[in-house]
Amino acid sequence: MATGERLPGAPDPTERIVLHVDMDCFYASCERKREPALRGEPVVVGMGYEAGETVGAVATASYEAREYGVESAQAISSALERLPRRAERPNDPESAFYRPVDLDYYEDVAADVKAILHDLADTVREVSIDEAYLDVTERTDWSVAEGFARHVKQRIEREVGVPASVGVAPNMSTAKIASDHDKPDGLVVVPPESVAAFLAPLDVAAVHGVGPIRARELAEMGIETAGDLADADPYALTDRFGERGRELHERANGRDDRPVEPTGDPKSFSRESAFDGAVEDHDSVVEQALALADAVAERATHEDALYRTIGVKVVVPPYDINTRARSLPGPVDEPELVRDVAAELLAEFDGDPVRKVGVRVSNLSFTANEQAKLGGFADATAHDGVGDASEDATSDGGESEDGDAQASLGDF
Ligand code: DCP
Ligand code: MG
């Protein structure tokens with residue numbers, strides 16, 4: 001779609017200010033948050049990693065560990081060849097701290113980050129656990145965009161305690177490249193008049209959508225930099241890569257009209273609140289949870305959503321995150337039930353000190369009249385085998401590479 005076809009009054013996409021936030025070595029930074037002794041050290045966070053076990057893959061590595069060639073998706077055994085466990089080599093600086101993946105905890109940290117982002121922008125597109133686009137056109141101006149971006153980074157660092165890299169540009173694809181350009185702790189602002197000069201010298205792999213295979217194919221066509229790609233014949237690119245080729249050509253030219261849109265229907269609604277210190281009085285915890293239950297139920301009603309699962313989250317100091325959920329026989333919109341189930345699920349924590357409490361409804365359906373279809377209940381229950389017993393809630397978020405995928409992280 002040509003930019004000249006805009007409707008009268010529609011915002012000029014060339015005048016947007018888009019900010020992309022991507023947390024630095026996110027899982028490793030989360031581990032450092034709760035274990036400050038890991039700061040400045042090589043840290044490897046591994047999927048399925050347990051002490052003494054070498055199967056599984058690296059989820060992420062701190063930048064100190066990356067210097068030794070440890071990277072995401074590598075086999076733990078390869079990582080161990082490059083950097084043995086510190087536990088086994090206490091005096092060897094060329095060794096790393098290995099930690100297993102604790103997704104509940106990372107999601108909790110991510111939710112705190114996302115809350116700040118929503119506070120700083122009217123429109124936020126969350127694309128993965130540690131990444132989001134913000135349209136901040138109405139909140140800042142190019143002349144002060146750098147200060148605004150620094151403020152975003154500082155709020156995250158100060159209030160959550162994890163580092164982020166930020167890119168600012170007139171569109172999503174350039175903002176993403178900018179946030180990646182100076183990692184970690186990056187802050188790169190590319191105002192409209194600098195887009196072409198910023199992109200031109202970059203390796204073509206910096207363009208989102210160009211993976212190693214496509215980069216090789218492009219190299220065969222003599223295209224090695226984003227500038228080469230920008231100058232390439234778009235028809236030759238379409239011949240070779242189809243519609244994607246045209247899109248890559250647009251991106252390399254710093255053209256991307258996609259509006260920053262929130263991801264589609266959420267998978268859950270939740271609210272949580274932190275106490276000022278740990279609270280031991282169970283009645284106070286329940287009282288807070290009931291207020292959260294009301295807020296969550298109200299939100300679901302407002303969004304015309306029915307829910308089939310009601311859950312609570314209880315964080316016990318320092319970072320022991322407990323989630324419990326109960327699935328109902330069918331989808332409902334019943335605020336009283338959210339209160340009752342939340343209170344029942346919390347009973348287990350009577351006597352525990354509580355730092356944070358949350359309430360969530362999930363298993364959402366957005367079909368307005370679904371509640372009336374009683375026949376569907378039995379099927380749905382049989383289908384996923386969830387009865388009405390308590391169970392650990394499962395994460396409803398997912399990481400996605402692409403800005404088009406849905407993710408609902410950030411709401412616990
Ligand atoms: N992740 C994973 N497996 C992968 C890639 C990522 O489990 N193959 C997880 C761990 C990362 C998180 O997702 O911490 C975010 O992914 P990023 O690609 O943003 O990587 P990092 O945040 O770790 O590092 P960077 O500083 O490059 O953003
Ligand atoms: Mg990241």
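Me: What is the geometry of the site of the magnesium ion (ligand 2)?

Reply: Ideal angles at a metal are 109.5 degrees for four tetrahedral donors, and 90 or 180 degrees for six octahedral ones. Six donors count as octahedral if opposite donors are over 155 degrees apart and all others between 65 and 115. Here the magnesium ion (ligand 2) has 6 donor atoms with angles of 85 to 175 degrees among them, and its site is octahedral. This is a predicted model, in which local features need pLDDT of at least 70, side-chain atom pairs count only at pLDDT 80 or more, and totals for chains, interfaces and linings use all residues. Residues are numbered from 1 along each chain as its sequence is written, chains are lettered from A and ligands numbered from 1 in the order in which they are written, and side-chain values use heavy atoms, with hydrogens and water left out.

Me: Which protein donors does the magnesium ion (ligand 2) have?

Reply: Donors are N, O and S atoms within 2.8 Å of the metal (3.2 Å for Na, K and Ca); water is not among the atoms, so sites may look incomplete. The protein supplies D22 (OD), M23 (O) and D130 (OD), at 2.0 to 2.2 Å from the ion. D22 belongs to strand β1 (residues 18-23), whereas D130 sits in the loop between β5 (123-128) and β6 (131-135), and the two are 108 residues apart. Strands (E, at least two residues) and helices (H or I, at least four) are DSSP runs, numbered from the N terminus.

Me: Are D22 and D130 buried or exposed?

Reply: A residue is buried under 20% relative accessible area, exposed over 50%, and partly exposed in between (1.4 Å probe, protein chains only). Both D22 and D130 are buried. T174, in helix α6 (residues 172-181), counts as buried because its relative accessibility is 0%.

Me: Which residues is T174 in contact with, leaving aside its neighbours within four places in sequence?

Reply: Contact means heavy atoms within 4.5 Å. The partners of T174 beyond those neighbours are A169, V190, V195, F198, L199 and G254.

Me: Which residues come nearest to ligand 1?

Reply: A residue is near a molecule if one of its heavy atoms lies within 4 Å of it. Of the 13 residues around ligand 1, the nearest are C25, T60, Y63, R66 and D130.

Me: How far is an oxygen atom of ligand 1 from the side chain of R66?

Reply: A polar contact with a ligand is a pair of N or O atoms within 3.5 Å. An N or O atom in the R66 side chain lies 2.8 Å from an oxygen atom of ligand 1.

How values were computed
Four donors count as tetrahedral if all angles lie between 85 and 135 degrees; four count as square planar and six as octahedral if opposite donors are over 155 degrees apart and all others between 65 and 115; anything else is irregular. A polar contact is a pair of N or O atoms within 3.5 Å; within protein, one must be able to donate a hydrogen and the other to accept it, and residues adjacent in sequence count only if both atoms are side-chain atoms.
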